[in-house]
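The exercises below are meant to be worked with the sequence and the model side by side. Try each task before reading the solution under it.

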Amino acid sequence: MKNCLTFFLFLTMTAASAHGPVPGRLPPSDLVRAGLTDSDTTAGGTARLCEQVTFSRGLRYGESEANVLDVATSATKADTPRPVLLFVTGDTFTGDRGAPELSRQIQDQAMCFAARNGMIGVRVNYRLAPAATWPAGAADVAAALSWVHGNIDLFNGDAREIVAVGYGAGAFHVATMLAHPELQTAGAAVAGVVLVSGIYRVGKDASESEKAYLGGDAAQYDKRSVFPGILNVDVPIVLAWAADDAAGLVAQGETLKKTLCGAGHCPRSTLLRSRDGIANAFGLDGSGDSLAEPTLLLVRQLEARGLP
């Protein structure tokens with residue numbers, strides 16, 4: 001990999017509000033030259049995995065400094081627009097446990113998994129608690145999706161084939177956005193979702209992180225859960241949790257699956273051997289059972305059905 005890959009970043013002239021209308025298309029006059037150095041992709045197996053992958057980083061989709069996203073594309077140009085994997089991750093509602101730089105590099109591996117498998121990878125950064133409380137995370141996901149619908153064709157992405165991957169706290173934000181139509185902005189549709197080890201209904205035993213986001217009034221938790229709205233979601237769902245997840249997390253996934261199946265919308269489910277990070281969940285460390293196969297199957301099914 002060359003020491004410096006030069007590419008063009010498309011940047012908006014004005015920041016769109018995370019709660020406002022669909023952001024406008026990125027004007028061609030706003031081409032800004034930027035560089036991507038080897039230091040951006042050196043964690044673990046990232047350098048090897050990200051060969052021939054170009055990153056466009058820090059693209060603004062809302063008015064908060066946290067409202068930015070990254071796009072990963074293959075250096076090999078495809079003849080047709082490509083499906084999009086949109087990653088919304090987070091260990092907790094207040095932030096990742098690990099060092100931010102390491103967390104980004106691990107997430108880069110998942111982005112490169114998308115790019116190397118004929119897709120466009122998009123990673124969404126969103127506002128965190130306690131500064132941003134419910135429903136800020138879901139609103140940010142909706143705003144990011146609106147941005148993707150308006151601009152992903154500039155990266156040869158197909159806005160009709162967006163699969164949102166929610167991981168940890170990100171799974172709650174994605175599911176909440178889908179379950180609460182009032183939080184959705186114009187152009188926030190997805191073609192499918194992958195929900196990994198999420199909390200979908202918080203109880204009185206809420207953690208400090210969950211209280212920081214959902215508030216201290218437990219009487220509000222049911223209304224701020226994904227039930228019953230998630231039962232009305234009609235896009236394909238892949239649901240996953242790990243064998244080494246805490247018992248509470250496993251119970252959350254099992255309850256969501258049982259409830260969806262009872263409503264006639266049974267999701268495809270996967271038990272992960274481990275999920276030390278989003279890259280691990282996709283088996284990029286060679287750990288075996290992973291989300292790679294069911295996610296790729298979902299994407300291929302979306303492509304095969306030929307959306308108009």
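**Exercise 1: two packed helices**

Helix α3 (residues 136-151) packs against helix α4 (residues 169-179) at an angle of about 75 degrees, and their axes lie 8 Å apart. The model is a predicted one, in which local features need pLDDT of at least 70 and side-chain atom pairs count only at pLDDT 80 or more, while totals for chains, interfaces and linings use all residues. Residues are numbered from 1 along each chain as its sequence is written, and side-chain values use heavy atoms, with hydrogens and water left out.

Task: decide how α3 and α4 are oriented to each other, and list the residues that make the contact.

Solution. Begin with the description itself: two packed helices are described by the angle between their axes and the distance between the axes. Here the axes are lines fitted to C-alpha atoms over the stretch in contact, and angles run from 0 to 180 degrees between N-to-C directions. Angles of 65 to 115 degrees count as roughly perpendicular, and α3 and α4 are therefore roughly perpendicular to each other. Next, look for contacts (heavy atoms within 4.5 Å): α3 contributes Gly137, Ala138, Val141, Ala142 and Leu145, and α4 contributes His173, Val174, Thr176 and Met177. Finally, sort these residues, remembering that Gly is classed as polar; the contact then divides into six nonpolar, three polar and no charged residues.

**Exercise 2: the nonpolar cores**

Task: find which residues of the largest nonpolar core touch the most other members.

Solution. Start with the whole protein chain, where 54% of the 308 residues count as buried (under 20% relative accessible area, with a 1.4 Å probe and protein chains only). A nonpolar core is a set of buried Ala, Val, Leu, Ile, Met, Phe, Trp, Tyr and Cys residues joined through side-chain atoms within 4.5 Å. The largest such core has 59 residues, and those that touch the most other members are Leu86, Val122, Ile152, Leu195, Tyr200 and Ile230. A second, separate core of 33 residues includes Phe113, Ala115, Met119 and Ile278. To follow one member of the largest core outward, take Ile230, which touches Ala175, Ala179, Leu256 and Leu260 when residues up to four places away in sequence are not counted.

**Exercise 3: a loop with a serine and a cis bond**

Task: is Ser225 buried or exposed, and which residues does Ser225 touch?

Solution. First locate Ser225 in the loop between α5 (208-214) and β9 (237-242). Its relative accessibility is 1%, so Ser225 counts as buried. Leaving out residues up to four places away in sequence, Ser225 touches Phe172, His180, Tyr200 and Arg201. Pro228 also lies in the loop between α5 and β9, and the peptide bond from Phe227 to Pro228 is cis, with omega near 0 degrees.

**Exercise 4: backbone exceptions**

Task: examine the positive phi values of Gln52 and Asn156, and state whether each residue is buried or exposed.

Solution. The background is that most residues other than glycine have a negative phi, and most peptide bonds are trans. Gln52, in the loop between α1 (46-49) and β3 (53-60), has a positive phi of about 65 degrees; with a relative accessible area of 58%, Gln52 is exposed (over 50%). Asn156, in the loop between α3 and β7 (157-168), has a phi near 65 degrees, but at 14% relative accessibility Asn156 counts as buried. As a last step, inspect the peptide bond from Trp134 to Pro135, which is cis with omega near 5 degrees; Pro135 is found in the loop between β6 (120-124) and α3.

How values were computed: Helices (H or I, at least four residues) and strands (E, at least two) are DSSP runs, numbered from the N terminus. Angles under 35 degrees count as roughly parallel, over 145 as roughly antiparallel, 65 to 115 as roughly perpendicular and the rest as oblique.
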